[in-house]
Amino acid sequence: APTLSGGEAQRIRLAAQLGSNLRGVCYILDEPTIGLHPRDNKVLLDTLGRLQDKGNTLLVVEHDEDTIRRASHVVDLGPGAGTRGGHVVAQGSAADLARSPESITGKFLAAPLKHPLVARRPIKRDEPALEIEQATLNNLKKVNVRIPLGRLVCVTGVSGSGKSTFARDLLYANLKRRIVDGRHRDVEPFGCKSLTGSHLIGRVLEVDQTPIGKTPRSCPATYVGFWDHVRRLFAGTNEARMRGYDAGRFSFNTAGGRCEACEGQGMKKIEMSFLPDVKVVCDVCGGKRFDTETLAVKWRDKSIGEVLMMSIDEATEFFAAHTSIHHALRLLQDVGLGYLTLGQQSPTLSGGEAQRIKLVTELAKVRTDALSHDPRNLRPEKHTFYVLDEPTVGLHMADVEKLIRVLHRLVSAGNTVVVIEHNLDVMADADWIIDLGPEGGDAGGRVVAEGAPEKVIQNSRGSHTAQVLREFLRERSV
């Protein structure tokens, strides 16, 4: 079981239900298309249709456009996320949603994204690249792969075709062994005969959906890195100087200024006998994380606790005059996280939110939004190699557009981004596609198509990605 991909495990569970022959059951599925190639998506939807035909009800939480269009009835929640959501903005068929002016989902159904969002970066043969020879890890069949550096590269293929094996277990793991603290080590690669071009990379990073920070006290403000600037602002006020407070007084991670009743968490955990633990707002600080004396210090009529409770959208306006803080907040807005609060506890963030916060942390290090660069002049000390595994999981169509633009900004700053992805919008915007297959398991592990999307779609035989991407680009090309 641990060797199954997410999509394979999901379909095995569905197959068990199909074989049960039950009727009158209400099945609730949370994003069943996660981990599925568009070809497998159609198979899944047909399977769900058969469950429905047996007299069952299916309630599906989903962002996938094909699933939404196939549904008998759609309930669209919004209009925004977080505190701005929680309302039914439209319901009915997909066509009804498309006619609703309040529905963001309907807007994307009526006018889907046109590709490419950013002009395609041409790739020449003499440009620097990572080259892997005869990769044989797991189900890979002695594949030779060339990954152009300084580009947005998408690894595609049906479920179980070897994408994660190639991008994470082989490529990322080898680069991690070779590049340590910005220095390149001459280490023999594993899982392949040779790996060349790694000396052009200064840093390698996997941006996944694991929680940010290691404690519940971690929050977007501390993780992205602008909280230190906010603490210094409060320490610089007349009130703080009169009381002898330094920046350390405004930290909720150390004793001195934080509320000791909740140890700076703003919440208390109550252990319940024979029941799960319950978290309640701290009755001493009211969730503001600091003691009364610290909260008495105001900057622009706001205490440090009130600033933590601000949404990112409110804080962007509040700190408009402070470039370093404002820059990071604008980036969080750009990736669609304006509804989060600065002090939102990391365990309450979804995987997609955590991943986008990590991307913003990387973007905050890039001071130019769109550097035009020549990959032939790559500077290893400035060059980061990012690996992302299905970053669109859990993202609405509007958020997918924002994610694509963020990935392009990282590439425009002279970095390489490798994305394992099934989402057709991401594929259509990639500079280079590596398609593995043709099937999953032993029938996969080969490179069946590679190149720019326009080249990949010419490969009509052997590549399932080429077939679905050709139809997609026919409707969605600029």
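User: What makes Phe234, Tyr245, Phe250, Trp299, Phe318 and Phe319 a cluster?

Analyst: Ring pairs link these six names together. Rings of Phe, Tyr and Trp (its six-membered ring) count as a pair if their centres lie within 6.5 Å; planes under 30 degrees apart are stacked, over 60 edge-to-face, and the rest tilted. Please keep in mind that this is a predicted model: local features need pLDDT of at least 70, side-chain atom pairs count only at pLDDT 80 or more, and totals for chains, interfaces and linings use all residues. Numbering runs from 1 along each chain as its sequence is written, and side-chain values use heavy atoms, leaving out hydrogens and water.

User: Why is the pair of Phe234 and Phe250 called tilted?

Analyst: The structure holds eight aromatic pairs. In the pair of Phe234 and Phe250, the centres are 5.8 Å apart and the planes meet at 40°, an angle that is neither under 30 nor over 60 degrees. Phe234 belongs to helix α8 (residues 227-235) and Phe250 to the loop between α9 (238-243) and β12 (267-270), so the pair ties together parts 16 residues apart in sequence. Helices (H or I, at least four residues) and strands (E, at least two) are DSSP runs, numbered from the N terminus.

User: How do you know whether Phe234 is buried or exposed?

Analyst: Buried means under 20% relative accessible area, exposed over 50%, and partly exposed in between (1.4 Å probe, protein chains only). Phe234 has 0%, so it is buried. Phe250 also reaches the buried class, at 0%.

User: And what makes Phe318 and Phe319 an edge-to-face pair?

Analyst: Their ring centres are 5.0 Å apart and the planes stand at 85°, so edge-to-face is the right name. Phe318 is buried at 10%, and Phe319 is buried at 0%.

User: Which elements cover the buried residues of α8?

Analyst: Those residues are Trp227, Val230, Arg231, Leu233, Phe234 and Ala235. Their cover includes α7 (220-224), α9, β14 (298-299), β15 (302-303), α11 (304-308) and α13 (323-334).

User: Why is Glu293 called partly exposed?

Analyst: Glu293, found in helix α10 (residues 292-295), has a relative accessible area of 42%, which means partly exposed. Leaving aside residues up to four places away in sequence, Glu293 touches Arg243, Tyr245 and Arg249; a contact means heavy atoms within 4.5 Å.

User: What makes Glu31 and Asp181 worth a look?

Analyst: Most residues other than glycine have a negative phi, and most peptide bonds are trans. Glu31 has a positive phi of about 50° although it is not a glycine, and Asp181 has one of about 55°. Glu31 sits in the loop between β1 (26-30) and α2 (38-53) and is buried at 13%. Asp181, in the loop between β8 (179-180) and β9 (183-184), is exposed at 76%.

User: Which peptide bonds are cis?

Analyst: Among them are His115 to Pro116, with omega near -5°, and Gly437 to Pro438, with omega about 5°. Pro116 is in the loop between α5 (104-110) and β5 (129-135).

User: How do you know how the radius of gyration compares with that of a compact globule?

Analyst: The rule is 2.2 Å times the number of residues to the power 0.38, with the radius taken over C-alpha atoms. For 478 residues this gives a value near 23 Å, and the protein chain has 25 Å, which agrees. Buried residues make up 51% of the chain.
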